[in-house]
Amino acid sequence: MSSKPTVLAVDVGGTKMAAAVVDLDGQVLASDRISTARSPDAEVLFGGLRSLCERLLASGLGVAAIGVGCGGPMLYPRGVVSPLNIPGWRGFPLRERLGAALNLPCVVDNDAKALALGERWRGAGQGSDNMLGMVVSTGVGGGIILDGRLLDGLGGNAGHIGHIIVWPNGPLCGCGARGCVEGVASGTGLARRLNTALADGRSTSLQPDANAEEIAVAARAGDGLAQELYRTAGEGVGRGIASAAALLDLDRVVIGGSIALHAWDLLGPPLQAEVGAAARLDFTRDVRVLHAQLGDQAGLYGAAQLAFSLL
Ligand SMILES: [Zn+2]
């Protein structure tokens, strides 16, 4: 058995649940994943996660704590979760249940905060004490590391850059406001904006409710509306980054999530251009915007960092 402390890192998402035994050097000693059960039954969902974790613990690697990154909203630090993309868990006491089931100390935090920690440890954020980690995916989330520490805020919600308003009277966001980064640039935001444009009679090759990937394919094939949707999405994210850089005095911003990973060719150029146009202060002009390096592993590495913080 390794003499270094090891932890169980868990990444809970709407489509998959992943877990890994990770040591202090970032070595993954064992890992596994399952599809998230399509069940409205909270216990069926938990049973799948518990079995996944128990299989990894059975390897006898001497795990000392559990760290979990999970979609919000949640009550922090209690770890009572109601992930938007897991309808079967509403007010589910994940931290208490998983800790009791595995008889280990357990911490549960927001998945975007976990991504920020993971990218800082092993990815594009290495060496930075002042960074914003962003997820641009079905929604838009973020985690802030300032002066070397992950910020939590009053209820653990620090870093919600998805709801910075970047487009006055802009498109409706899921939160009810208009012009949030998430309403402009997330997968759900892009689809909603497409539907609004269709209702306004705009011509396009796209069908109603096309997803972000389909809109990206159309944009690359020359569809004007699809290109406009991604251009304005990139500008919206860039404007949000410029504001965050002024507010927080950042060294860099690291962007992951499925839209950033699969459509950076469309999102990245208008985003970088807008950061250049909007971040004009001496200390914001040099903020670097980098593509995440760890793909879907970032959340696991971040969850490991959360667990190490318990030791
Ligand atoms: Zn919003």
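Start by colouring the two domains of this predicted model: domain 1 takes residues 6-115 plus 297-308, and domain 2 takes 127-292. Drop a centroid on the C-alpha atoms of each, and you should get 27 Å between domain 1 and domain 2.

Next, select the place where they meet. On one side, 9 residues of domain 1 make contact with 13 residues of domain 2. Staying on the domain 1 side, the elements that supply two or more residues are β8 (106-110) and α3 (111-122). Helix α3 has the largest share there, with 3 residues. Colour that side by class and you'll find 5 nonpolar, 2 polar and 2 charged residues.

Keep α3 on screen and add helix α10, residues 298-308. Their axes sit 6 Å apart and cross at an angle of about 90°, so α3 is roughly perpendicular to α10. To see the contact itself, show side chains on both helices. From α3, pick Asp111, Ala114, Leu115, Ala116, Leu117, Gly118, Glu119, Trp121 and Arg122. From α10, pick Ala298, Gly299, Leu300, Tyr301, Gly302, Ala303, Gln305 and Leu306. Taken together, the residues of this α3 and α10 contact split into 10 nonpolar, 4 polar and 3 charged.

Now hop to helix α2, residues 94-102. Which of its residues are buried? Select Leu94, Arg95 and Leu98. Look down the helix axis: these residues span an arc of only 95°, which means they are on the same side of α2. What do they pack against? Turn on β4 (63-70), β6 (80-81), β7 (92-93) and β8, and you have the partners of the buried α2 residues. You've already met β8 as one of the elements on the side of domain 1 that touches domain 2. Before leaving, click on Asn103, which follows α2; its phi is positive, near 55°.

Last stop: His262, in helix α8 (residues 258-262). Is His262 buried or exposed? Neither label fits: His262 counts as partly exposed because 14 other C-beta atoms lie within 10 Å, while a buried residue needs 20 or more and an exposed one has 12 or fewer. Leaving aside residues up to four places away in sequence, His262 touches Glu213 and Ala216. To link this stop with an earlier one, draw a C-alpha to C-alpha distance from His262 to Leu300: the two are 20 Å apart in space and 38 residues apart in sequence. Leu300 is one of the α10 residues in the contact with α3, so that line takes you back to the crossing helices, roughly perpendicular to each other.

Definitions and conventions:
Residues are numbered from 1 along each chain as its sequence is written. This is a predicted model: local features need pLDDT of at least 70, side-chain atom pairs count only at pLDDT 80 or more; totals for chains, interfaces and linings use all residues. Domain bounds come from an automatic or database domain assignment. Two residues are in contact if their C-beta atoms, placed from the backbone, lie within 7 Å. Helices (H or I, at least four residues) and strands (E, at least two) are DSSP runs, numbered from the N terminus. Ala, Val, Leu, Ile, Met, Phe, Trp, Tyr, Cys and Pro count as nonpolar, Asp, Glu, Lys and Arg as charged, and the others, Gly among them, as polar. The arc is that of the directions from the helix axis to the C-beta atoms. Axes are lines fitted to C-alpha atoms, for helices over the stretch in contact, and angles run from 0 to 180 degrees between N-to-C directions. Angles under 35 degrees count as roughly parallel, over 145 as roughly antiparallel, 65 to 115 as roughly perpendicular and the rest as oblique.
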